[in-house]
Amino acid sequence: MIEHTLEQPKTTTPRTKGAQNTRSIRGVNYTKEGFELIARIIFLICAIVAIVAVLSITLYMILRGTPALAEVGIKELLFETLWQPTAATPSYGIAFIILNSIVGTFFAILLGVPIGILTAVFITEVANKKVAAVVQPAVELLAAIPSVIYGLLGLMILNPLMYKLEKAVFADSQTHQFTGGSNLLSAVVVLAIMILPTVINISVSSIRAVPAHLKSASLALGATHIQTIFKVMIPAAKSGIMTSVVLGIGRALGEAMAINMVAGGSVNLPLPFNSVRFLTTQLVSEMSYAEGTHRKVLFTVGLVLFIFIMVINLILARVERKGAVENE
Amino acid sequence: MNSICVKKRHPSDTLLYIAIYVCAGFSVALLLGIILYVLVKGFRCVSWDFLTGVTSVLNGTVGIAGNIVNTLYIIVITMLIATPIGVGAAVYLNEYAKPGRLVRAIEFATETLSGIPSIIFGLFGMMFFGQTLHLKYSILTGSFTLVLMVLPLITRNTQEALKTVPDSYRSGAVGLGTGKWYMIRTILLPSAMPGIITGAILAVGRIVGESAALLFTAGSSGLLPKTAMDMLEKTFEPGGTLTIQLYLSASKGEFEVAFGIALVLLVIVLLINFATKALAKHFNVNKE
């Protein structure tokens with residue numbers, strides 16, 4: 001591959017050489033200078049695309065997301081819980097939806113992060129090299145599996161299990177609305193699984209980056225391997241692990257398709273066996289047919305999600321900067 | 001027990017060891033379980049007709065050829081746009097830019113882009129490309145949206161690759177009197193090619209697995225282009241990728257089809273993953 005690409009420019013070399021030979025070595029080659037300038041400008045434009053993209057996404061989210069706030073009223077929209085966009089007197093309260101996103105993400109992190117960190121410990125400290133060489137790629141593969149497949153499997157495996165659990169828990173209840181297993185609990189489990197690879201990969205690299213002398217010193221002082229791992233290495237890898245947690249929060253908050261398939265679809269209080277909506281699934285399930293104010297409100301839902309994500313991004317940048325300072 | 005050479009055993013150590021093994025086992029079992037389940041369930045549905053046919057209620061056939069073609073369209077168009085921009089951005093950041101406010105802004109923007117969830121990209125793509133630029137639901141809208149999504153991935157991988165090119169290459173080239181652009185074209189980019197290709201393959205993997213960003217941008221048609229003219233026009237028409245079709249089939253309760261598509265997707269994703277691994281290994285060996 002390298003040879004092939006290296007050969008290509010050779011055909012153009014003589015022409016450039018010829019052009020140079022006609023001029024003094026101290027002269028200025030205007031064509032060449034022109035080329036350099038154009039190349040520089042093109043590369044600059046490429047680099048600025050990212051800035052333009054972020055700015056225009058921000059601008060669009062704000063421009064399209066705010067009109068509904070004025071139309072419906074900030075209090076009625078953000079702090080009311082009744083969601084009836086197509087009723088005769090429509091009501092657009094998204095408080096439950098916001099609450100569900102927060103609660104769902106929180107419990108997904110609570111469930112996924114310990115599993116992720118312990119798996120990372122296994123890969124870096126406990127397993128021998130051969131086993132680690134199998135486990136780590138397996139974890140990386142988990143990240144590559146499309147979210148719709150997680151959704152499909154959640155729908156086929158997790159939901160029936162949850163339904164059994166639900167029937168057992170609410171056997172005597174008269175008031176409970178049965179969901180067939182499509183509930184907050186299913187969504188939390190799917191989210192926890194989906195953030196695993198993020199948490200594991202970044203934790204692994206931060207635990208590996210812990211200086212060896214810390215580990216040796218701890219072992220030499222008589223601490224057991226486990227004590228060394230949990231009292232010395234993990235605290236030393238703290239900033240990397242924090243980064244992985246923040247990234248996991250971002251991933252869980254933004255996941256749409258998988259949890260749309262397993263969480264049911266009613267706007268409800270975030271209770272484990274309730275069929276629920278998240279900020280993301282709200283968009284997925286209603287954007288296709290929403291019109292008028294309803295549509296504008298959905299853009300506001302998008303804006304709320306976007307603000308959450310931007311806050312997470314800022315926290316992430318801060319955590320990473322802090323980590324960089326500590327490492328110095 | 002009282003020897004200083006033997007460390008005291010703590011019962012909590014054993015518990016933590018068990019927890020570590022259980023968690024690691026869970027993570028691996030999860031992957032194996034997913035692969036096996038999809039394999040077993042999907043195997044029944046996948047056949048030659050399924051892969052090469054088109055779903056038609058009239059003929060009573062079920063096929064995903066249209067979705068495969070749509071996925072290919074979106075991959076090709078997205079990569080054709082995203083690769084040059086991503087590589088160019090990385091070259092600028094690594095070779096031209098001096099540390100300062102602009103570089104920090106670009107890097108922060110790239111970081112932010114990679115943190116934005118795909119549903120937001122979908123929303124933006126629908127508003128900007130679909131409505132403002134009047135592309136409506138089309139393969140182009142979907143591709144443009146995905147360009148923004150995979151851009152950080154390509155930029156970052158290229159940057160990493162450029163960083164591994166030794167500075168002596170640069171000094172050597174400049175010493176020989178080449179211009180900067182000539183040096184980039186003939187020395188830096190070829191040396192960084194493995195990293196660029198790895199980034200590109202990873203980006204293809206993300207495109208294949210993407211669904212939320214395409215639902216409101218590329219739409220969901222699964223028809224095949226019939227004539228040569230259709231092939232071009234198709235880019236302006238809606239086209240559902242494999243993931244979108246999987247989602248739609250699952251919501252309609254056609255689980256057989258859904259698992260068939262899941263199997264196809266899984267095979268593609270696994271192949272892409274192995275390809276990147278093999279490439280990385282191959283080039284690492286070459287460098288030594």
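Arg156(B) is where I should like to begin: at 36% relative accessibility, this residue counts as partly exposed in the predicted model. Its side chain meets that of Glu111(B) in a salt bridge, with 3.5 Å from N to O. Glu111(B) belongs to helix H4 (residues 101-115) of chain B and Arg156(B) to helix H6 (residues 139-164) of chain B, so the pair ties together parts that are 45 residues apart in sequence. Glu111(B) is likewise partly exposed, at 28% relative accessibility. Elsewhere in chain B, salt bridges with shared partners link Glu95(B), Asp167(B) and Arg170(B) into one network.

Over all chains, the count of salt bridges comes to eight. One of them crosses between chains: it runs from Lys277(B), in helix H12 (residues 255-287) of chain B, to Glu140(A), in helix H7 (residues 129-144) of chain A. For this pair the N to O distance is 2.9 Å. How accessible are the two partners, Lys277(B) and Glu140(A)? Lys277(B) is partly exposed, with a relative accessibility of 37%. Glu140(A), with a relative accessible area of 28%, is also partly exposed.

A further salt bridge, between Glu286(A) and Arg277(A), offers a contrast in setting. The closest N and O atoms of this pair are 2.7 Å apart. Glu286(A) is buried, its relative accessible area being 4%. Arg277(A) counts as buried too, at 10% relative accessibility. The cut-off that matters here is 20%: a residue under that relative accessible area is called buried, and both Glu286(A) and Arg277(A) fall on that side of it.

Let me now turn to chain B as a whole. What secondary structure does chain B contain? The tally is twelve helices and two strands. Reading from the N terminus, the order of elements is α-α-β-β-α-α-α-α-α-α-α-α-α-α. The radius of gyration of chain B is 24 Å, well over the 19 Å given by the globule rule for 288 residues, so the chain is more spread out than a compact globule. Along the principal axes, the C-alpha trace of chain B spans about 75 × 70 × 35 Å.

Among the 288 residues of chain B, 51% count as buried. If we take the contacts in chain B with a separation of 6 or more, 74% of them are between residues 24 or more positions apart. As for the surface, chain B exposes about 13,700 Å², and carbon and sulfur atoms supply 69% of that area. Chain B carries 21 positive and 14 negative side chains, and the centres of these two sets lie 8 Å apart.

I come next to two buried positions in chain A. Ile145(A) sits in the loop between H7 and helix H8 (147-169) of chain A. With a relative accessibility of 5%, Ile145(A) is buried. What does Ile145(A) touch, not counting residues up to four places away in sequence? The partners are Tyr150(A) from chain A, together with Leu31(B), Ile34(B), Leu266(B) and Val269(B) from chain B. Between Ile145(A) and Met194(A), 49 residues apart in sequence, the C-alpha to C-alpha distance is 9.3 Å.

The second position is Ala258(A), in helix H13 (residues 257-262) of chain A. Ala258(A) is buried, at 0% relative accessibility. Setting aside neighbours within four places in sequence, Ala258(A) contacts Ser147(A), Tyr150(A), Gly151(A), Val190(A) and Met194(A). Tyr150(A) therefore appears in the contact lists of both Ala258(A) and Ile145(A), with contact meaning heavy atoms within 4.5 Å. Ala258(A) and Ile200(A), which are 58 residues apart in sequence, lie 20 Å apart in space, C-alpha to C-alpha.

Finally, a point of backbone geometry in chain B. Most residues other than glycine have a negative phi. Which value does phi take in His134(B)? Phi of His134(B) is near 60°, a positive value in a residue other than glycine. His134(B) is located in the loop between helix H5 (118-132) and H6 of chain B, and the residue is exposed, with a relative accessible area of 61%. Lys136(B) is in the loop between H5 and H6 of chain B, and its phi, near 55°, is again positive in a residue other than glycine. Lys136(B) is exposed as well, at 58% relative accessibility.

Methods: Residues numbered from 1 in each chain as written. Chains lettered and ligands numbered in written order. Predicted model: local features only at pLDDT ≥ 70, side-chain atom pairs only at ≥ 80, totals over all residues. Heavy atoms only, no water. Helix = DSSP H or I, 4+ residues; strand = E, 2+ residues; numbered from the N terminus. Rg over C-alpha atoms; globule rule 2.2 N^0.38 Å. Buried < 20%, exposed > 50% of the residue type's maximum accessible area, 1.4 Å probe, protein only. Areas by Shrake-Rupley, 256 points an atom, 1.4 Å probe, with all protein chains shown as cover. Lys, Arg positive; Asp, Glu negative; His and termini not counted. Charge placed at Lys NZ, Arg CZ, Asp CG, Glu CD. Salt bridge = Lys/Arg side-chain N within 4 Å of Asp/Glu carboxyl O.
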